[in-house]
Amino acid sequence: MTLKDHFPILTWGRSYDRGAFGADLLAALIVTIMLIPQSLAYALLAGLPPEAGLYASIVPIILYALFGTSRALAVGPVAVVSLMTASALGDVAQQGTTGYAAAALTLAGMSGLLLLAMGLLRLGRLASFLSHPVVAGFITASGILIAASQLRHILGIDGGGHDLIHIARAMLNNIGDTNGPTVIIGAAALIFLFWVRRGFGPMLHRLGLGRTAVDIMVKAGPVFAVATSTWAVWQFGLQDRGVAIVGAVPQALPPFTLPPVPLELVRQLTLPAILISIIGFVESISVAQTLAAKTRDRIDPNQELLGLGAANIGAAFTGGFPVTGGFSRSVVNFDAGARTPAAGILTAGGLAFAAIALTPLIHFLPKATLAATIIVAVLSLVDLSILRTAWAYAKADFAAVAATILLTLLVGVETGVTAGVAVSLLLHLNRTSRPHIAEVGRVPGTEHFRNILRHEVETQPHVLALRPDESLYFANARVLEDLILDRVTRDRAIRHVILLCSAVNEVDLSALESLESLNERLGDMNVALHLSEVKGPVMDRLKRSHLLETLRGDVHLSHHSAVRALDVPPLPTAA
């Protein structure tokens, strides 16, 4: 690993020119317009002051630009991680207190350290342990939870809870306190933002506006909603009629903060930090790889861990909370023409300007508008079609998706994602513990061998040829052994058993002992055990055992050569 590998900026920075700067500046302008209301809204979702959303979008994105490998990924607060943050912090401190904000710093710092450690240990492959169905189910359930949790702000009532049951119960208990002006503002904002997403762009195109102008105006829709509702509250004094507003926001750059690290707090936040780190990384790397594929760029998962780790540590020391790469802002950044991570640095500059100059203007911003912004953003995450797809393709994946969605909605985000991973692993163990084992025969006139139940093939009465379609390990070794012994016991004509190992990628110690036992027991029955098409890495390990020395049969390079070596005329059989 060279210095350029650890600091990608040294690579793209050398070729940076005026054309790239212009493209990055335009992209930064569009993303900044989008991020101002979005950052405020996600801070509200996390249970933190609105300025925390701005702070979490400035230094982290700069640090990611120094270490990250994606040219378009925009790092900052995102909906799912904000929800997980609120869920984790709700167990250790009361929202609105100093302890709550301090715990958010600690959570960001712990997440950052975990990501850095994973990057240094080159554990980017760990993302594979979260299957797509589990991630899709978790994000769908999180989107529903987030939208439900924000309805109280639309109605202007008190509420709370981190699962659907408690959220619904709190809303029903307080529904009588619904505030009329707040409902009008929230409903109007929802209708307007949905229209901006679906109808505003096509209307502007029909009017003849160019693509860039349309993109800017569509992305500015939430800003217009913020400005209009803020003006309405100020003009008509709606804060005196019960409309909840953001209130005073510090007019300053992100402060230097030190995360507290008492052992009890660290213990309480360890599991949430692990889950936030993994979920955030999976979401981020998925977005980065999707965008990189469009320009044939390469994404290094291990370096991405370092970039996200640095971003979260930056958030911990500048008054923020856990961050990751966001889908919507990254897609906007890419579509706006960002060529390098410098677009992120320029975006950070725009947000820093907003933190210094624009925060007094949002004093009267109604929380209902921010809630509407969140609801419109997260409903695009909800994809219940994954249930239908999983049911049609694999019932095991459907079980994992359904368990993740139900437990996330009914118990909470930590339980939901943990249960989803556990169910996936259990289903994988169950599936691989009962591997598909095909008896194969030769396709007439060829050297190809196929399943006798699916093809018309040639077999030999003295030869049993089996193809286990799975690696052999402790959970399935006895299944193969029992099947062979049962087959040989029932058919006394069999004198040779050939294991076609083309699908076997590994043989663990338990499976090795099972093969040695099988070889010995078959020998007692005057039956020889042969192996064919053993892969190189598997053979390397077998050579370090006693199996090859005691094997009653031979090891053959191809299954065809194994059958020919036995020198028994083939007999045709029907499928």
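**Strand β3 and its neighbours**

Modeller: Buried residues (under 20% relative accessible area with a 1.4 Å probe, protein chains only; exposed is over 50%, partly exposed in between) make up 52% of the 575 residues in the protein chain. This is a predicted model, where local features need pLDDT of at least 70, side-chain atom pairs count only at pLDDT 80 or more, and totals for chains, interfaces and linings use all residues. Residues are numbered from 1 along each chain as its sequence is written, and side-chain values use heavy atoms, without hydrogens and water.

Biologist: Why is β3 called a strand?

Modeller: Strands are DSSP runs of E with at least two residues, and helices are runs of H or I with at least four, numbered from the N terminus. β3 covers residues 437-442, so β3 fits the definition of a strand. The protein chain has 25 helices and 10 strands.

Biologist: What makes β3 mostly covered?

Modeller: In β3, 6 of its 6 residues are buried. I437, E439 and G441 point one way, A438, V440 and R442 the other way, and all are buried.

Biologist: How do you know that β3 pairs with β6 and β4?

Modeller: Two strands pair if DSSP finds at least two bridges between them. Antiparallel β3 and β6 (residues 463-468) are joined by 3 bridges, and 3 bridges also join β3 to β4 (residues 449-451), again antiparallel. Both pairs therefore meet the definition. E439 has L466 in β6 as its bridge partner, while V440 stands opposite N451 in β4.

Biologist: What lies between β3 and β4 in their hairpin?

Modeller: There are 6 residues between the strands, and G445 takes a positive phi near 80 degrees.
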